[in-house]
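Me: I'm new to reading protein models, so could we walk through this one together, one question at a time?

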Amino acid sequence: MMSERNTEHKAYVRRVPITWWLHNRRYFLFMVRESTSVFIALFVLGYLYQLFLVSRGAEVHDLFQESLRSVPFVVGYAIVLLFALYHSITWLGLVSKIQIVRIGRLTVPPFLVGLGAYLSWIVASAVVAWLILNLK
Amino acid sequence: MYKEDRTEPFWWGMFSLGGVVAALLIPVHVFFIGLAVPFGLIDESLLEYSRMKSLLANPLVKVYLFALVVLPLFHAAHRIRFSLHEMGIRRVLLSLDVLCYGGALMGTAVTLYVLLVI
């Protein structure tokens, strides 16, 4: 009687240098796109800290608010904004490639789907801006 | 043998939701919170304590801020996990799943706490 063979095999994983993404422009841009999430996470955590300071009283909150006007913070926010914009542009640009929109028997052209995604970004930004400026 | 991970759809769903929130809402917030006041584009009283305190008294504002903070954390957790994996890093003391998704879950708990105490 034949003994039962172990048919499980370890998957072959090709070893690649950690810097593989620096060797090709497309790979580099892919990694830049992935890294946008780090800057966005840092921003929301910093914003959470600002919100937390509201619970510590007016003096602490306004002092921190004042420090946000220093050059290092302004440069930091400018960098975060660049990465956040890159995320928005690439993310919304993907919508027309992955989302097929059908209305009845009509398939909406990908160009219009993409346009809708970018328009929704503009509308959402305008609404938030209005609320920040006017909400009481 | 391939083992089905039943939690995977949840993490992908949170990644997508966070990506949409980050794409639509984060740039405008970064601009107003970090750049508009230093460049003199808006009145600094808009971000001062008394206004923030009265805005945060509104439960709808808290729900909005919860989504604004938490969903991008899940988005980032997912992207960081896969980016590190693609760079050949499989674990840093703990598995990447625990570190990244655990971090996002911890961020959720901290956000809940902050929004409840203010």
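Reply: Sure! A term to start with: a crossing of two helices is called left-handed if the near helix is turned anticlockwise from the far one by less than a right angle, and right-handed if clockwise. Keep in mind that this is a predicted model.

Me: Which hand does the crossing of helix 1 of chain A with helix 3 of chain B have?
Reply: Look first at how the two helices sit: their axes come within 8 Å and cross at roughly 145°. On the side of helix 1 of chain A, the contact includes A:Ile40, A:Ala41 and A:Val44, and on the side of helix 3 of chain B it includes B:Leu73, B:Ala76 and B:Ile80. As helix 1 of chain A passes helix 3 of chain B, the crossing is left-handed.

Me: And how many nonpolar residues does that contact have?
Reply: Sort the residues of helix 1 of chain A and helix 3 of chain B by class. There are two charged and three polar ones in their contact. The nonpolar count is 15.

Me: Is helix 1 of chain A roughly parallel or roughly antiparallel to helix 4 of chain B?
Reply: The axes of this pair come within 9 Å, and they cross at roughly 30°. Angles under 35 degrees count as roughly parallel. So helix 1 of chain A and helix 4 of chain B are roughly parallel.

Me: Which residues of helix 4 of chain B meet helix 1 of chain A?
Reply: From helix 1 of chain A come A:Leu48, A:Leu51 and A:Phe52. By class, the contact has five nonpolar residues, one polar and no charged ones. The partners in helix 4 of chain B are B:Val110, B:Thr111 and B:Val114.

Me: Which helix gives the most residues to the largest nonpolar core?
Reply: That core has 43 residues, and B:Leu73 and A:Val80 are among those with the most contacts inside it. Helices 1, 3 and 4 of chain A and helices 1, 3 and 4 of chain B each give two or more residues. With 11 residues, the top contributor is helix 1 of chain B.

Me: Which residues of chain A does B:Leu73 touch?
Reply: Leave out residues up to four places away in sequence. In chain B, B:Leu73 then touches B:Ala104 and B:Gly107. In chain A, it touches A:Ala41 and A:Val44.

Me: How many residues does helix 1 of chain B give to the side that touches chain A?
Reply: Chain B puts 44 residues into the contact, and chain A puts in 44. By class, chain B's side has 34 nonpolar, seven polar and three charged residues. Helix 1 of chain B has the largest share of that side, with 15 residues.

Definitions and conventions: Residues are numbered from 1 along each chain as its sequence is written. Chains are lettered from A and ligands numbered from 1 in the order in which they are written. This is a predicted model: local features need pLDDT of at least 70, side-chain atom pairs count only at pLDDT 80 or more; totals for chains, interfaces and linings use all residues. Two residues are in contact if their C-beta atoms, placed from the backbone, lie within 7 Å. Helices (H or I, at least four residues) and strands (E, at least two) are DSSP runs, numbered from the N terminus. Ala, Val, Leu, Ile, Met, Phe, Trp, Tyr, Cys and Pro count as nonpolar, Asp, Glu, Lys and Arg as charged, and the others, Gly among them, as polar. A nonpolar core is a set of buried Ala, Val, Leu, Ile, Met, Phe, Trp, Tyr and Cys residues joined through C-beta atoms within 7 Å. A residue is buried if 20 or more other C-beta atoms lie within 10 Å of its own, exposed if 12 or fewer, and partly exposed in between; C-beta atoms are placed from the backbone. Axes are lines fitted to C-alpha atoms, for helices over the stretch in contact, and angles run from 0 to 180 degrees between N-to-C directions. Angles under 35 degrees count as roughly parallel, over 145 as roughly antiparallel, 65 to 115 as roughly perpendicular and the rest as oblique.
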